[in-house]
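Welcome, and please open the model in your viewer. We will go from stop to stop, with something to select at each one.

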Amino acid sequence: MAMSYNVRFWDIRERSDRRKPFQIRWTVNGREKSASFITFALADSRRAKLMTAAREGEPFDEHTGLSASRGNFMRAIKQRTTWYDLAHEYIEQRWERTPGNTRRTLADAFATITPALVHPGATYSDPRVLRRALYSWAFNKNAWQREPDEEWLHALDWMKRNSLPVSALADADVLRRALDAMCRKLDGKAAAAKTARRKRAAFNEALNTAVEKRYFAENPLNGLRWNAPAVNEEVDPAAVPNPAQVLRLLEAVAGQSGRGRHLEAFFGCMYFAAMRPAEVIHLRIEQCHLPKTGWGMPNLSGGVVTSGKEWTDDGEVHEVHSLKRRAASATRPVPIPPQFVRMLRAHVERFDVAPDGRLFRNEAGNYVDAAAYGKTWARAREHALTRPERTSGLAKRPYDLRHAGISFWLYSGVDPAECARRAGQSIEVLFRHYAKFLDGVREQANRLIEQSMQEWGRVSQGEATEG
């Protein structure tokens, strides 16, 4: 550990585009250090403490940038606090303000990362039991109300003894062990790229909390060289059905016995209004303007998400959320064409609505289940699509109807910004996901511009001739 008395300070810098806009900077023997804060007062207080330590003749650590007294105190805390402790505290702090689905995602991420952050050579005898104990108890605050069973208790005791101290996470090789673990399933096979990225985001947020607790001067992931798995976010045109194929599929849904007829308009919402399944499940009659003629207008206000009763506050399987990435009170009106207005009106006339006004429900009157409508969709594909169409992955998931609806809007010449608004996406997400479909929009725009230029060319030539 190299210590130095050569310490210099800069004035506080404000960067208005950052989440923590006020930054203090100083150097220890020429090595620049920095820390950022939400308010000017916090930044000024930290800077004053560091300057006081320097004036009183304390040496500073060249690596951490901290004074000797502060560094010794923090090192002691970091040696006592393990990664397991930090992750456990993070779950406890975030739990109350986190929806059930996100709670489950965080638990899955930490249950994957934590077994990789143990002392060298330490390996638990049954990795599956350890993973289950971490996921279902250690990182599930609802489960803390009861003692874990004997098998889990043994695994958790082992983890507490072998978890690395927080200080070890300053080592790049240790961080890479955790990041590499995110990319593998328990059986050693590669995990989906989106799953790995989601887990990395959770890891990053936990380390940001470590910075707030003063365990680190900055997030140790910053600047780490590690290539995340590539994620292809573009919608595959081969999976997107055209309007004729969609109508064949909807007819095949309606032709099924049991729930089929009830789900025809359900799937229609995903195509004609580009609604997410959660939004369709939540749709109520009072949200829908369904005139006898002309265009209609559902005004979407939220969605129903399957979280699992282990992760919700009330023990229910489902949770009602606001619109995706929108404020709780936000709504999204989506114009729908006359043919779909007629389909929804016919649905209401035939099936009525649930007591709370929902258009779609199962036989017991509860929320439509993804597994149930997935089976109906699979049977519709078998009946409506040719073997080459099925083999190509066309409309493999009900969600592909949403992609089909948005891509058809783009093909029809609807402005991309309006497509994004109707779909409840940012324009950036629309361009990233529908790049291949936007090529056709650009070609159409080019033709329109070229036609206008030719028209103006003819006008200009006529004016010159008259002159």
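On this tour, a contact means heavy atoms within 4.5 Å. Please keep in mind that the model is predicted.

**Stop 1: colour by confidence**

Start by colouring the protein chain by pLDDT. The mean pLDDT of the chain is 88, and 94% of its residues reach 70 or more. Now select helix α12, residues 338–351, which has the highest mean pLDDT among the elements of the chain, at 97. Then select helix α2, residues 68–80, where the mean pLDDT is the lowest, at 57. Where pLDDT is low, the predicted coordinates should not be read in detail.

**Stop 2: a buried strand**

Next, select strand β4, residues 22–28. How many of the residues of β4 are buried? The count is 7 of 7, so β4 is largely enclosed by the rest of the structure. Turn on the side chains: F22, I24, W26 and V28 point one way from β4, while Q23, R25 and T27 point the other way.

**Stop 3: the partners of β4**

Keep β4 selected and add strand β2, residues 7–9. The two strands run antiparallel and are joined by 3 bridges. Look for V7, which stands opposite V28 in β4.

Now add strand β3, residues 13–14. It pairs with β4 over 2 bridges, also in the antiparallel sense. Here E14 stands opposite F22 in β4.

Strand β5, residues 31–37, comes next. It runs antiparallel to β4, with 7 bridges between them. One place to zoom in is T27, whose bridge partner in β5 is E32. β4 and β5 form a hairpin with 2 residues between them. Select N29 in the turn: its phi is positive, about 55°.

**Stop 4: two packed helices**

Move on to helix α4, residues 100–113, and helix α5, residues 127–138. They pack at an angle of about 150°, and their axes are 8 Å apart. α4 passes α5 in a right-handed crossing. Which residues of α4 meet α5? Select R104, A107, D108, A111 and T112 in α4, which meet R131, L134 and Y135 in α5. The residues of this contact divide into 4 nonpolar, 1 polar and 3 charged.

**Stop 5: an open sheet**

Finish with an open sheet of 3 strands, in the order β7-β8-β11, with antiparallel pairing. The edge strands are β7 (288–289) and β11 (332–333), each pairing on one side only. Select strand β8, residues 297–300, which is joined to β11 by 2 bridges. As a last click, pick N299, whose bridge partner in β11 is P333.

Notes: Residues numbered from 1 in each chain as written. Predicted model: local features only at pLDDT ≥ 70, side-chain atom pairs only at ≥ 80, totals over all residues. Heavy atoms only, no water. Axes fitted to C-alpha atoms, helices over the stretch in contact; angles between N-to-C directions. Helix = DSSP H or I, 4+ residues; strand = E, 2+ residues; numbered from the N terminus. Left-handed = near helix turned anticlockwise from the far one by under 90°. Nonpolar A, V, L, I, M, F, W, Y, C, P; charged D, E, K, R; others polar. pLDDT = per-residue confidence, 0-100. Buried < 20%, exposed > 50% of the residue type's maximum accessible area, 1.4 Å probe, protein only. Pairing = 2+ DSSP bridges.
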